[in-house]
Amino acid sequence: MNRAEALEYLDAHIGWGMEPGLERIAAFLELMGHPERSYPIIQVAGTNGKTSVSRMATMVAIAHGLTTGTYTSPHLQRFEERIAINGTPASEEEFIQAVIDVKAFADIFERDRHLTYF
């Protein structure tokens, strides 16, 4: 898979519509073996300032010697901006590998339900 194919795969998930609730993502995470439970998480929610707060929390964690992964949305120029490790945006190769890794599970999950772009 190359970058264009990874983006095309994600774009194919635009327009599947909203499904209020957490049941769909909970089921998907269960299929994946709950990777989100293997590390501490800070979730930032609200109307304004989420990206700024996320970046500040990232820098504080890094200053304390922690390794961080940060996801923000939307991106400004390149999709890779959404995913950062220790404040550095993912490389094209890291982005492609992330799509490949998630796609393996999504292909199984989507036999019954669709995932969205987000």
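Arg24 is buried, with a relative accessible area of 12%. That is a good place to start looking around this model, which is a predicted one. Arg24 sits in helix 2, which covers residues 23-31. Who are its neighbours in space? Setting aside residues up to four places away in sequence, Arg24 touches Gly17, Met18, Glu19, Phe109, Arg113, His114, Leu115 and Thr116.

**The whole chain**

Let's step back for a moment. The protein chain holds 4 helices and 3 strands, and from the N terminus on they run α-α-α-β-β-β-α. Along its principal axes, the C-alpha trace spans about 45 × 30 × 30 Å. Of the 118 residues, 22% count as buried. The chain exposes about 8,400 Å², and carbon and sulfur atoms supply 58% of that. If you take the contacts between residues at least 6 apart in sequence, 55% of them join residues at least 24 apart.

**The nonpolar core**

In soluble globular proteins, nonpolar side chains tend to be buried together. Here the largest nonpolar core has 11 residues: Ala6, Tyr9, Leu10, Phe28, Phe79, Phe95, Ile96, Val99, Ala106, Phe109 and Leu115. Which elements give two or more residues to this core? They are helix 1 and helix 4 (92-109), and helix 4 gives the most, with 5 residues.

Leu10 is a handy member of the core to look at up close. It lies in helix 1 (residues 3-11) and counts as buried because its relative accessibility is 14%. Leaving out its neighbours within four places in sequence, Leu10 is in contact with Phe79, Phe95, Val99 and Tyr117. Leu10 also shows how the fold brings distant parts of the chain together: Leu10 and Lys103 are 93 residues apart in sequence, yet 9.5 Å apart in space from C-alpha to C-alpha.

Phe79 tells the story from the other side. With neighbours within four places in sequence again left out, its contacts are Arg3, Leu7, Leu10, Phe95 and Tyr117.

**Helix 3 and its two sides**

Helix 3 takes in residues 50-63, 14 residues in all, and reaches 20 Å from its first C-alpha to its last, close to the 20 Å expected at 1.5 Å a residue. Its buried residues are Ser54, Thr58 and Ala61. Why do these three end up on the same side of helix 3? They cover an arc of only 70 degrees around the axis, which puts them there. The general rule behind this is that an α-helix has 3.6 residues a turn, so residues three or four places apart point the same way.

Turn helix 3 around and you find Arg55, Met56 and Ala63 exposed on the other side. As for the buried residues, what covers them includes strand 1 (69-71).

**The sheet**

Strands of a sheet pair through backbone hydrogen bonds, either parallel or antiparallel. In this model, an open sheet of 3 strands has the order 1-2-3, with antiparallel pairing. Strand 1 and strand 3 (88-89) stand at the edges with a single partner strand each, so one side of each has no neighbour in the sheet. Strand 1 and strand 2 (residues 83-85) pair in the antiparallel sense over 3 bridges, and Tyr71 stands opposite Ile83 in strand 2.

The loop between strand 1 and strand 2 is where you'll find Pro74. The peptide bond leading to it from Ser73 is cis, with omega near 5 degrees.

**Backbone spots with positive phi**

A few residues take a positive phi, listed here:

| Residue | Phi |
|---|---|
| Gly65 | about 85 degrees |
| His34 | about 55 degrees |
| Asn86 | about 50 degrees |

Gly65 comes just after helix 3. His34 and Asn86 have their positive phi although His34 is not a glycine and neither is Asn86. Where do these two sit? His34 lies in the loop between helix 2 and helix 3, while Asn86 lies in the loop between strand 2 and strand 3. Are they buried or exposed? His34 counts as buried, since its relative accessibility is 18%, whereas Asn86 is partly exposed, with a relative accessible area of 33%.

Technical notes
Residues are numbered from 1 along each chain as its sequence is written. This is a predicted model: local features need pLDDT of at least 70, side-chain atom pairs count only at pLDDT 80 or more; totals for chains, interfaces and linings use all residues. Side-chain values use heavy atoms; hydrogens and water are left out. The expected span of a helix is 1.5 Å times one less than its number of residues. Buried means under 20% relative accessible area, exposed over 50%, partly exposed in between (1.4 Å probe, protein chains only). The arc is that of the directions from the helix axis to the C-beta atoms. Contact means heavy atoms within 4.5 Å. Two strands pair if DSSP finds at least two bridges between them. A nonpolar core is a set of buried Ala, Val, Leu, Ile, Met, Phe, Trp, Tyr and Cys residues joined through side-chain atoms within 4.5 Å. Accessible areas come from the Shrake-Rupley method with a 1.4 Å probe; for residues, only the protein chains shown count as cover.
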